[in-house]
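Thanks for coming. I have one structure to walk through today, so please look at the sequence and the model as they come up.

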Amino acid sequence: MNLLPSASQFLVVLITLASTFAAVMLHYESGRFLSQLIERSKRPHRQRILYLLFGLIAAHVASIWIFAVACWGLIAVGVNGEITGYSSFNLLDFVYLSSITYSTVGYGDLIPNGDIRFLLGTEALVGMTLITWTASLTFVEMQRHWQRD
């Protein structure tokens, strides 16, 4: 029994860390930018909250794409793993898999097998954390701006 990670496992861990870092930093910078933007905006306060929400949703969609491309790339280079449930995959199938994983919906129609499960399991944790972060930021900004109109 070999306890050392294989090159495939090492690559999956490395890509998972890079994807996680990219998604978290994207949300951090998006949240910071959007908070500053709505603070300086001359628009009505309720419109500012809409800008915040649409901006944060765009950051979530970008994060889903980050993980989708990572998963697609890992499968394409032949890591030890596959996705069962479809006979052939295109990039949008990976975006779908990423979105149901990120949002922790997990319909069960697509099932990861092998080393790729580490990426998708981590994506669920990251997605849940970033969705919660979005809810917290939105709540704080609504408390700050909602009643000013």
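Before anything else, a word on naming: helices and strands here are DSSP runs, at least four residues for a helix and at least two for a strand, and they are numbered from the N terminus. With that in hand, Thr-104 can be placed in the loop between H3 and strand E2, which covers 111-114. I will come back to that loop. Please keep in mind that this is a predicted model.

First, the overall picture. The protein chain has 4 helices and 2 strands. In sequence order the pattern is α-α-β-α-β-α. Along the principal axes, the C-alpha atoms fill a box of roughly 65 × 30 × 20 Å. There are 149 residues, and 36% of them count as buried. Among contacts with a separation of 6 or more, 78% are between residues 24 or more positions apart. The chain exposes about 8800 Å², with 67% of that supplied by carbon and sulfur atoms. As for charge, there are 9 positive and 9 negative side chains, and the centres of the two sets are 19 Å apart.

Now the helices, starting from the N terminus. H1 runs over residues 7-40, which is 34 residues. From first C-alpha to last, H1 reaches 49 Å, close to the 50 Å expected at 1.5 Å a residue. Its buried residues include Thr-16, Thr-20, His-27, Gly-31 and Leu-34. Those five names will return as partners of residues elsewhere in the chain.

H2 covers residues 45-76. It has 32 residues and reaches 46 Å between its end C-alpha atoms, close to the expected 46 Å. Just after H2, Gly-78 takes a positive phi of about 90°.

Take one residue from H2, namely Leu-56. Is Leu-56 buried or exposed? Its relative accessible area is 2%, and the cut-off for buried is under 20%, so Leu-56 is buried. What does Leu-56 touch, leaving aside its neighbours within four places in sequence? On one side of the list are His-27, Gly-31 and Leu-34, which are among the buried residues of H1. The rest of the list is Thr-134, Leu-137 and Thr-138. Val-140 is 84 residues from Leu-56 in sequence, and their C-alpha atoms are 14 Å apart.

That brings in H4, residues 116-145. Thr-122 is in this helix. Its relative accessibility is 17%, so Thr-122 counts as buried. Outside the four places either way in sequence, Thr-122 touches Thr-16 and Thr-20, and both of these are buried residues of H1. Further along H4 is Arg-144. With a relative accessible area of 37%, Arg-144 is partly exposed. Arg-144 and His-45 are 99 residues apart in sequence, but their C-alpha atoms are 9.4 Å apart in space.

Next, the strands. Thr-84 belongs to E1, residues 81-84. At 28% relative accessibility, Thr-84 counts as partly exposed. Thr-84 touches Asp-109, Leu-110, Ile-111 and Asn-113, again not counting residues up to four places away. With Asn-113 there is also a polar contact between the side chains, at 3.5 Å. By contrast, Thr-84 and Leu-50 are 34 residues apart in sequence and 38 Å apart in space, C-alpha to C-alpha.

That leaves H3, residues 91-102. H3 has 12 residues, which at 1.5 Å a residue should span 16 Å, and its end C-alpha atoms are indeed 16 Å apart. Which residue caps the N-terminal end of H3? It is Asn-90, with a side-chain oxygen 2.9 Å from the backbone nitrogen of Leu-92. The buried residues of H3 are Asp-93, Phe-94, Val-95, Leu-97, Ser-98, Ile-100, Thr-101 and Tyr-102.

Finally, back to the loop. Just after H3, Thr-104 takes a positive phi of about 60°. Most residues other than glycine have a negative phi. Thr-104 is a residue other than glycine with a positive value. As for its surroundings, Thr-104 is at 46% relative accessibility and so counts as partly exposed.

That is the tour. I am happy to go back to any part of the model.

How values were computed
Residues numbered from 1 in each chain as written. Predicted model: local features only at pLDDT ≥ 70, side-chain atom pairs only at ≥ 80, totals over all residues. Heavy atoms only, no water. Buried < 20%, exposed > 50% of the residue type's maximum accessible area, 1.4 Å probe, protein only. Contact = heavy atoms within 4.5 Å. Areas by Shrake-Rupley, 256 points an atom, 1.4 Å probe, with all protein chains shown as cover. Lys, Arg positive; Asp, Glu negative; His and termini not counted. Charge placed at Lys NZ, Arg CZ, Asp CG, Glu CD. Expected span 1.5 Å × (residues − 1). Polar contact = N/O pair within 3.5 Å; in protein donor to acceptor, adjacent residues only side chain to side chain.
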